Amino acid sequence: MLTPACVVERVTGWVPPHRVTNDELPAAWGVSDEWVRSRTGIAARHRAGPGIATSDLALEAAARVLAGAEPVDTVVLTTSTPDHPLPATAPALAARLGLGEVPAFDVSAVCSGFVYGLATGAGLIAAGLSRRLLLVGADVYSTLLDPEDRSAGVVFGDGAGAMLLRAGTGTEPGALLGFDLGSDGGNADLITVPDGGARSRADASPARDTDPYFRMRGSEVFKHAVVRMAKSARQVLDHVGWATGDVDLLVAHQANARILDAVSTRLGVPRDRCAGHLTDVGNTGAASIPLALADACAKGRLRTGDRVLITAFGGGLTWGSTALVWPDAAAPLAPPD
């Protein structure tokens, strides 16, 4: 009996309606539209607003991708901003979707989360534990941002993307053809939220300063992101037997324009064959990859039969890549309500 392959069926996404342009960023940051665009390539980002959590964004994206589809038997949510430290957010999402007692769990790999989620879904399907799986990437980074830190504040936005995966054959369009995953915990401090976990709670020092905000050492992260994504992407190309020139669309984690340019240059993929959703939504963490895919579909940049290379990098440090031939199935990016 052949081991079932993991096949992409549909993808869509959602961003909250509150759009913050560069001109609307806090005056205290002392930034202009030109300053932000020239350094990041970002013109706007979306904010969830008071009372809106990750599961709310995930629900919007998931409901859209499930509309009219056959029922799913598993839910995987990739996020770094769960609704609570525990329990996981995925079971609550499954309940809100009315999916019954299906297995549901979170995957945390920061901005590499969606690729790790794809690999997890592929493993569950290969093991026969799932036939139809809902994979959601969602983050509300606005809940982690230091209001005085413009370096992160200009980059990150909130959003969610969802994908339906099903069991199929490895030769059909949509089949995930191979993976490369990696991590480097020795550099975990390059991207971190210092407090809020067991490590900070275990420190009994009464004089200890706390820091609940997202912190990133940008210049060092830049170097790692470019090297790790390019190397990982090449590993997958070698695995599936594609040359760089075979790639119709490179979908890299939408971190910032400089990283995207450097990765495409290092791989030798022209910029006109690179997905780009960064300008409109910023860095949306685990939602970045599905939002970029859905946006490419909506704009007609991604067509049936296209060879797609996906790569991502995030805190941990983590990174990962995969490849597929795009199927004749994709829901366009749903506009904000």
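The following questions and answers concern a predicted model.

Visitor: Which strands form the open sheet, and in what order?
Guide: The sheet is open and contains five strands, and their pairing is mixed. Neighbouring strands of this sheet are turned against each other by 20 degrees on average, direction ignored. The order is E1-E7-E6-E4-E5.

Visitor: Why is one side of strand E1 and of E5 left without a neighbour in the sheet?
Guide: Strands pair through backbone hydrogen bonds, either parallel or antiparallel. Strand E1 (5-14) and E5 stand at the edges of the sheet. One side of each is left without a neighbour because each has a single partner strand.

Visitor: How many bridges join E1 to strand E7, and which residue of E7 is the bridge partner of Val11?
Guide: Strand E7 covers residues 158-168 and runs antiparallel to E1. Nine bridges join E1 to E7. The bridge partner of Val11 in E7 is Met163.

Visitor: What angle does the direction of helix H2 make with that of E1?
Guide: Helix H2 (residues 54-66) packs on the sheet. In doing so H2 touches E1, strand E4 (74-78), strand E6 (132-140) and E7. The direction of H2 makes with that of E1 an angle of about 115 degrees.

Visitor: At what angle to E7 does H4 run?
Guide: Helix H4 spans residues 113-126. H4 lies across E1, E4, E5, E6 and E7. The angle at which H4 runs to E7 is about 20 degrees.

Visitor: Is Ser112 buried or exposed?
Guide: Ser112 is located in the loop between strand E5 (104-107) and helix H4. Leaving out residues up to four places away in sequence, Ser112 touches Ala312, Phe313, Gly314, Thr318, Trp319 and Gly320. Its relative accessibility is 0%, and residues under 20% count as buried, so Ser112 is buried.

Visitor: Which backbone oxygen does the side chain of Ser112 reach?
Guide: Thr318 is among the residues that Ser112 touches. The side chain of Ser112 comes to 2.9 Å from a backbone oxygen. That oxygen belongs to Thr318.

Visitor: Which element supplies the largest share of the largest nonpolar core?
Guide: In soluble globular proteins, nonpolar side chains tend to be buried together. The largest nonpolar core here has 44 residues, and those with the most contacts inside it are Leu267, Leu309 and Phe313. Helix H7 (218-240), strand E11 (249-252), helix H8 (257-267), strand E12 (307-314) and strand E13 (318-325) each supply at least two residues of this core. The largest share, eight residues, comes from H7.

Visitor: How many residues does the second, separate core have?
Guide: Among the members of this second core are Val8, Leu118, Leu165 and Ala312. The core is separate, and its number of residues is 33.

Visitor: Which residue does the cis peptide bond from Gly316 lead to, and where is that residue placed?
Guide: Most residues other than glycine have a negative phi, and most peptide bonds are trans. The bond from Gly316 is cis, with omega near -20 degrees, and leads to Leu317. Leu317 is placed in the loop between E12 and E13.

Visitor: What is the omega of the peptide bond from Leu86 to Pro87?
Guide: Pro87 lies in the loop between E4 and helix H3 (90-96). The bond from Leu86 to Pro87 is cis, and its omega is near 5 degrees.

Visitor: What is the phi of Val110?
Guide: Val110 is found in the loop between E5 and H4. Val110 is buried, with a relative accessible area of 17%. Although Val110 is not a glycine, its phi is positive, at about 55 degrees.

Visitor: With which residue does Arg215 form a salt bridge?
Guide: Side chains of opposite charge can pair when their charged atoms come close. Arg215 is partly exposed, with a relative accessible area of 25%, whereas its partner is buried at 19%. The closest N and O atoms of the pair are 2.8 Å apart, and the partner of Arg215 is Asp211.

Visitor: Which residues do salt bridges that share partners join into one network?
Guide: The count of salt bridges comes to 15. One of them pairs Asp295 with Lys299, with the closest N and O atoms 3.1 Å apart. The network joined through shared partners consists of Glu9, Arg132, Arg166 and Glu172.

Methods: Residues numbered from 1 in each chain as written. Predicted model: local features only at pLDDT ≥ 70, side-chain atom pairs only at ≥ 80, totals over all residues. Heavy atoms only, no water. Helix = DSSP H or I, 4+ residues; strand = E, 2+ residues; numbered from the N terminus. Buried < 20%, exposed > 50% of the residue type's maximum accessible area, 1.4 Å probe, protein only. Polar contact = N/O pair within 3.5 Å; in protein donor to acceptor, adjacent residues only side chain to side chain. Contact = heavy atoms within 4.5 Å. Core = buried A, V, L, I, M, F, W, Y, C linked by side-chain atoms within 4.5 Å. Pairing = 2+ DSSP bridges. Axes fitted to C-alpha atoms, helices over the stretch in contact; angles between N-to-C directions. Salt bridge = Lys/Arg side-chain N within 4 Å of Asp/Glu carboxyl O.
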